[in-house]
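Student: I'd like to learn how to read salt bridges in a model. Could you walk me through some?
Tutor: Gladly; let's bring it up and begin.

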Amino acid sequence: MNISENVKYIGVNDHKLDLFEGQYAVPKGMSYNSYVILDEKIAVMDTVDIGFTEEWMENLDRELMGRKPDYLIVQHMEPDHSAGIPLFLKKYPEAKIAASPKTFEMIQQFLYGEENGAAAENDINIRKIPVKNGEMLSLGKHMLEFLFAPMVHWPEVIMTYEQSEKILFTADAFGKFGALDEDEEWLDEARRYYIGIVGKYGAQVQNVLKKAAELDIAAICPLHGPVLKENLAYYLDRYHTWSSYEPERKGIVIAYASIYGHTKTAALYLAEELRKQGQDEVILHDLARTDMAQAVADAFCFDRLVLACSTYNAGIFPFMEDYIHRLQERNFQNRRIALIENGSWAPMAARVIKGMLEKSKNITYVDSTVTIWSAMKEKDKEAMGNLVRELLRK
């Protein structure tokens with residue numbers, strides 16, 4: 001794949017992976033992106049996951065056509081982007097690594113071990129270029145500018161702006177789940193990726209977006225997902241919305257945790273009543289069975305959230321507890337929330353949920369909390385009707 005005449009894609013697709021980072025389902029695989037810039041000097045942008053280093057090296061050698069790279073730019077040290085460093089340096093020992101000072105600390109931690117092909121530190125001779133924020137590196141006609149992006153989403157991360165072709169290499173930012181040989185829209189899997197992996201670091205992403213606003217960008221080259229060349233304002237706007245924790249769309253997510261099905265019945269009833277009143281965007285998640293990452297992403301996407309939960313051991317059902325914890329650790333805020341609780345002798349779910357979310361910013365609860373005693377009854381429909389009206393109130 002050509003990014004341009006002198007910038008080539010040398011990444012790989014992974015269709016063997018079931019869980020990215022050990023937790024995110026990736027039914028359409030994953031891409032590990034890497035690039036090479038060909039000029040008087042040659043720079044390789046990152047490597048790939050350990051299972052694909054040989055394929056990656058073949059891709060690189062094909063584009064080099066007998067030449068040798070001068071630099072390896074390491075923007076991010078997660079193993080899915082750095083595992084090829086030992087193989088690269090064994091083949092090209094004269095190449096220099098350009099990276100943030102923090103990166104070189106992590107190289108010591110990650111790459112010296114038999115599982116990565118380097119049994120001892122002496123096996124790898126690293127010629128270091130510790131770069132500074134804003135520092136330049138000339139390749140000839142191409143000029144690289146290094147932009148520090150700490151905690152997007154690791155502390156060592158840098159992005160790289162190539163000035164002549166106006167390409168921004170963004171490390172993990174602007175990535176998505178899914179291999180590049182799959183036909184799939186960017187938005188939903190990019191949102192699930194962002195909220196799950198980067199969502200906690202909204203303030204840091206905002207800082208990076210301010211830097212990006214000062215650049216003339218023709219293409220965005222992330223470490224996962226497609227290269228973005230068209231309508232870049234759209235992608236930047238999505239990231240602005242997500243990182244500022246503002247709702248992306250108007251709609252209602254109903255997330256429920258039910259033991260015997262009675263809380264589920266209440267959640268389904270509420271969804272049907274909302275749709276009868278013209279609320280088209282109603283998303284239901286059975287937290288015991290759904291993709292939890294998708295349920296979290298939907299809560300950040302839409303402006304209203306209903307949490308329906310059974311009381312369990314004087315607390316809440318574990319799936320709901322897990323869900324709220326995931327929302328909290330990603331700084332969930334700026335939303336309207338409604339609560340449905342269920343209990344047979346001492347309903348506690350609403351109180352526990354509010355306690356868990358008390359540190360979340362700008363959370364507004366609707367006035368009506370619905371309490372179901374064991375199973376939903378005809379008399380509960382009036383309370384559900386009040387809840388519908390409050391959720392639909394503008």
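Student: Where in helix 8 are Lys-276 and Glu-273, and by about how much of a helical turn are they separated?
Tutor: This is a predicted model, in which local features need pLDDT of at least 70, side-chain atom pairs count only at pLDDT 80 or more, and totals for chains, interfaces and linings use all residues. Residues are numbered from 1 along each chain as its sequence is written, and side-chain values use heavy atoms, with hydrogens and water left out. Helix 8 covers residues 262-276, and because Lys-276 and Glu-273 are three residues apart in it, about one helical turn separates them. (Helices are DSSP runs of H or I, at least four residues, numbered from the N terminus.)

Student: What joins their side chains?
Tutor: Side chains of opposite charge can pair when their charged atoms come close. A salt bridge here is a side-chain nitrogen of Lys or Arg within 4 Å of a carboxyl oxygen of Asp or Glu. Lys-276 and Glu-273 form one, at 3.3 Å from N to O.

Student: Is Asp-303, which pairs with Arg-304, buried or exposed?
Tutor: Buried, at 15% relative accessibility; the cut-offs are under 20% relative accessible area for buried, over 50% for exposed, and partly exposed in between (1.4 Å probe, protein chains only). Arg-304 is buried too, at 9%, and the closest N and O atoms of this salt bridge are 3.1 Å apart. Lys-276, by contrast, is exposed at 57%.

Student: How many salt bridges are there by this rule?
Tutor: The count is 21.

Terms used: Helices (H or I, at least four residues) and strands (E, at least two) are DSSP runs, numbered from the N terminus.
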